[in-house]
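Visitor: I should like to learn how to read the interior of a protein model. Would you take me through one example?

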Amino acid sequence: MFLLHKPSEEMVRQFIQSQRELPFTYSQTGATKEGEAPSGYYVDHNRTKLGQGTETFQKAVLALRKWKQFDLGWVCIVPSDTAIAVGAVVAVRARTFGVWSLNACRIVYVVDDNGPVKKFGFAYGTLPDHVECGEERFTIEQHPDGSVFYDIFAFSRPRQLLVRVGVPLARRLQRRFVRDSLAAMIRAVALV
């Protein structure tokens, strides 16, 4: 959904409610869990080291639970207090080139693994009122040597005509999101 003005809280609430029961816009739900992407999609996999140790891991998990990876100024999650839980529906609100947009997503799965590589995270998938089609996974990992990473893995392709026509611009905005999201998590862990 594209708008010339910032959507009100009520508009966002109605938008999310309208998407809540709708199906995902792609058939490969959960594919990011194994780090695989179906053919025919753009694939992005990016990560950054956040630091060392259990305290850093806990700070990063808290930041992810609070959606700090979307605290970018030009992009945010609404409502920002949505719990990380399977089935939760959120809107990605963005402002680019003077135009506001809302894009609907639902959490597909949650990762909470205490194995040799400790992980926490989730993936969400696109719903019918999203300009793209695909899935994105956000995880925090603590490796046996204590190093902590923030990892983003996504597959997507344009869904709306406007985005299909403007693929180079859409890809540039995706790269900007990744760069800004990685930086936001570094800041969030440093400030928590």
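Visitor: Which residues of the largest nonpolar core touch the most other members?

Guide: A nonpolar core is a set of buried nonpolar residues joined through their side-chain atoms. In this predicted model, the largest such core has 34 residues, and those touching the most other members are Trp67, Phe70, Tyr124, Phe138, Ile140 and Tyr150. Two or more residues each are given by α2 (53-65), β3 (75-78), β4 (89-96), β5 (99-113), β6 (118-126), β7 (132-142), β8 (147-158) and α4 (167-191). The largest share, 7 residues, comes from α4.

Visitor: With which residues is Phe70 in contact, leaving aside its neighbours within four places in sequence?

Guide: Beyond those neighbours, Phe70 is in contact with Val75, Cys76, Ile77, Val92, Tyr124, Phe138 and Phe177. Tyr124 and Phe138 also appear among the core residues that touch the most other members.

Visitor: How should one read the buried residues of a helix, and which are they in α1?

Guide: An α-helix has 3.6 residues a turn, so residues three or four places apart point the same way. In helix α1, which spans residues 9-19, the buried residues are Val12, Phe15, Ile16 and Gln19. They lie on the same side of α1 because they cover an arc of only 95° around the axis. Among the elements that cover these buried residues are β3, β4 and β5.

Visitor: Is Arg137 buried or exposed?

Guide: A residue counts as buried when its relative accessible area is under 20%. Arg137 has a relative accessible area of 10% and is therefore buried. Its place is in strand β7.

Visitor: What lies at the polar atoms of the side chain of Arg137?

Guide: One polar atom of the Arg137 side chain lies 2.6 Å from the backbone oxygen of Thr32. In addition, the side chains of Arg137 and Asp151 are joined by a polar contact of 3.0 Å. Leaving aside neighbours within four places in sequence, the residues in contact with Arg137 are Thr32, Lys33, Gly35, His45, Tyr109, Phe122, Ala123, Asp151, Ile152 and Phe153.

Visitor: How many disulfides does a search of the whole structure find?

Guide: A disulfide calls for two cysteine sulfur atoms within 2.5 Å. The search of the whole structure finds 0 disulfides. For Cys76, the nearest cysteine sulfur is that of Cys105, 13 Å away. For Cys105, the nearest cysteine sulfur belongs to Cys133 and is 11 Å away.

Visitor: Is Cys105 buried or exposed?

Guide: The same cut-off of under 20% applies. Cys105 is at 1% relative accessibility and so counts as buried.

Conventions:
Residues numbered from 1 in each chain as written. Predicted model: local features only at pLDDT ≥ 70, side-chain atom pairs only at ≥ 80, totals over all residues. Heavy atoms only, no water. Core = buried A, V, L, I, M, F, W, Y, C linked by side-chain atoms within 4.5 Å. Buried < 20%, exposed > 50% of the residue type's maximum accessible area, 1.4 Å probe, protein only. Helix = DSSP H or I, 4+ residues; strand = E, 2+ residues; numbered from the N terminus. Contact = heavy atoms within 4.5 Å. Arc of directions from axis to C-beta. Polar contact = N/O pair within 3.5 Å; in protein donor to acceptor, adjacent residues only side chain to side chain.
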